[in-house]
Amino acid sequence: TRHLGVEPVFNLIWIGGVFFAVVRYHFMRLTPARVMDTLLDHVNDIILLMDEDRNVIFVNDPTVSRMGADREAVLSRPFQEIFEEHALLERELTAMMEGMAADFSSRIHLMDARGEGIFLDVRFSAVTDRYGDRLGVLMVGREVREVRQFKKHFRMTSRETEVIQRMMIGQSNPEISRELGIALRTVKTHINNIYAKLGATS
């Protein structure tokens with residue numbers, strides 16, 4: 001007579017344990033949330049989700065990488081430290097959350113861990129529940145790479161690049177001074193340096 005060894009019995013117990021864990025704790029189960037997280041982490045765009053109080057509750061992997069900080073550090077940063085144009089954005093986001101618009105586009109600076117601005121083309125959209133109540137804000141952005149290439153080619157400093165970006169959208173020297181928190185004389189110095197690097201005259 002043949003005797004079954006301990007091994008088949010052990011295998012049956014092990015398979016039963018795995019089956020119980022899968023059923024009981026939903027291990028190895030494909031859920032919409034897991035699929036969504038995976039998809040967002042494989043999108044190269046910068047994606048950020050905020051609740052109605054402007055707290056960041058989700059960022060995808062490319063955002064974490066581009067900001068040069070770990071995920072927890074990004075999630076714990078206040079709204080005012082993440083966006084350089086936070087005062088302007090606050091007005092736009094408040095209007096959107098009050099139902100005056102479903103979304104809006106802007107060019108903004110997302111501040112990285114070193115305090116340097118990443119210039120982005122972004123779209124902010126209201127996140128709603130099935131009843132249409134506004135729960136938060138989704139931001140999807142793409143870096144304006146031409147700015148980085150321009151900065152590298154002409155050896156512009158980060159501050160000079162910020163001044164150029166504001167000149168391009170039509171801001172006056174006093175407006176640039178206020179927005180960047182620097183003296184008007186400093187703005188003029190930056191502009192003179194920019195012209196010199198471009199080989200142009202003012």
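A polar contact is a pair of N or O atoms within 3.5 Å. Keep that cut-off in mind for the first stop. The model on screen is predicted.

**Stop 1: Asn 60**

Select Asn 60. Look in the loop between strand 2 (56-59) and helix 3 (61-67). Is Asn 60 buried or exposed? Asn 60 counts as buried, because its relative accessibility is 0% and the buried class covers values under 20%.

Now add Ile 47. Its backbone nitrogen lies 3.2 Å from a polar atom of the Asn 60 side chain. Show the surroundings too. Setting aside residues up to four places away in sequence, Asn 60 touches Leu 40, Asp 41, Val 43, Asp 45, Ile 46, Ile 47 and Arg 71.

**Stop 2: the sheet**

Switch to a cartoon view. Find the open sheet of five strands. Read across it in the order 2-1-5-4-3. The pairing is antiparallel. Which strands are at the edges? They are strand 2 and strand 3, and each pairs on one side only. Turn the sheet and follow its twist, which averages 30° from one strand to the next.

Strands of a sheet pair through backbone hydrogen bonds, either parallel or antiparallel. Select strand 1 (residues 46-51) and strand 5 (residues 134-143) for an antiparallel case. How many bridges join them? There are six. Pick Asp 51, then find its bridge partner in strand 5, Gly 136.

**Stop 3: the cores**

Hide the cartoon and show side chains. The largest nonpolar core has 25 residues. Start with the residues that have the most contacts inside it: Met 50, Phe 83, Leu 93, Phe 124 and Met 139. Many elements feed this core. Strand 1, strand 2, helix 3, helix 5 (79-82), helix 6 (86-97), strand 3, strand 4 and strand 5 each supply at least two residues. Strand 4 gives the largest share, five residues.

Zoom in on Met 139. Not counting residues up to four places away in sequence, Met 139 touches Ile 46, Ile 47, Leu 48, Phe 83, Ile 108, Leu 120, Val 122, Arg 123 and Phe 124.

Another core, of nine residues, lies apart from the largest one. Select some of its members, including Ile 176, Val 187, Ile 191 and Ile 194.

**Stop 4: the aromatic rings**

A pair of aromatic rings is described by the distance of the centres and the angle of the planes. The model has four aromatic pairs.

Select Phe 104 and Phe 124. Their rings are stacked, 5.0 Å centre to centre, with 20° between the planes. Why does this pair tie together separate parts of the chain? Phe 104 lies in strand 3 (residues 103-111) and Phe 124 in strand 4 (residues 117-128), so the linked parts are 20 residues apart in sequence. Phe 104 counts as buried at 11% relative accessibility. Phe 124 also counts as buried, at 0%.

Next, select Phe 150 and Phe 154. This pair is tilted: the centres are 5.0 Å apart and the planes meet at 50°. Both residues lie in helix 7 (residues 145-154). They are four residues apart, about one turn of the helix. Phe 150 counts as partly exposed, at 27% relative accessibility. Phe 154 is partly exposed as well, at 27%.

**Last stop: a ring cluster**

Go back to Phe 104 and Phe 124, and add Phe 79 and Phe 83. Ring pairs link these four residues into a cluster. Two of them, Phe 83 and Phe 124, are also among the residues with the most contacts inside the largest core.

How values were computed. Residues are numbered from 1 along each chain as its sequence is written. This is a predicted model: local features need pLDDT of at least 70, side-chain atom pairs count only at pLDDT 80 or more; totals for chains, interfaces and linings use all residues. Side-chain values use heavy atoms; hydrogens and water are left out. Rings of Phe, Tyr and Trp (its six-membered ring) pair if their centres lie within 6.5 Å; planes under 30 degrees apart count as stacked, over 60 as edge-to-face and the rest as tilted. Buried means under 20% relative accessible area, exposed over 50%, partly exposed in between (1.4 Å probe, protein chains only). A polar contact is a pair of N or O atoms within 3.5 Å; within protein, one must be able to donate a hydrogen and the other to accept it, and residues adjacent in sequence count only if both atoms are side-chain atoms. Contact means heavy atoms within 4.5 Å. Two strands pair if DSSP finds at least two bridges between them. Axes are lines fitted to C-alpha atoms, for helices over the stretch in contact, and angles run from 0 to 180 degrees between N-to-C directions. A nonpolar core is a set of buried Ala, Val, Leu, Ile, Met, Phe, Trp, Tyr and Cys residues joined through side-chain atoms within 4.5 Å.
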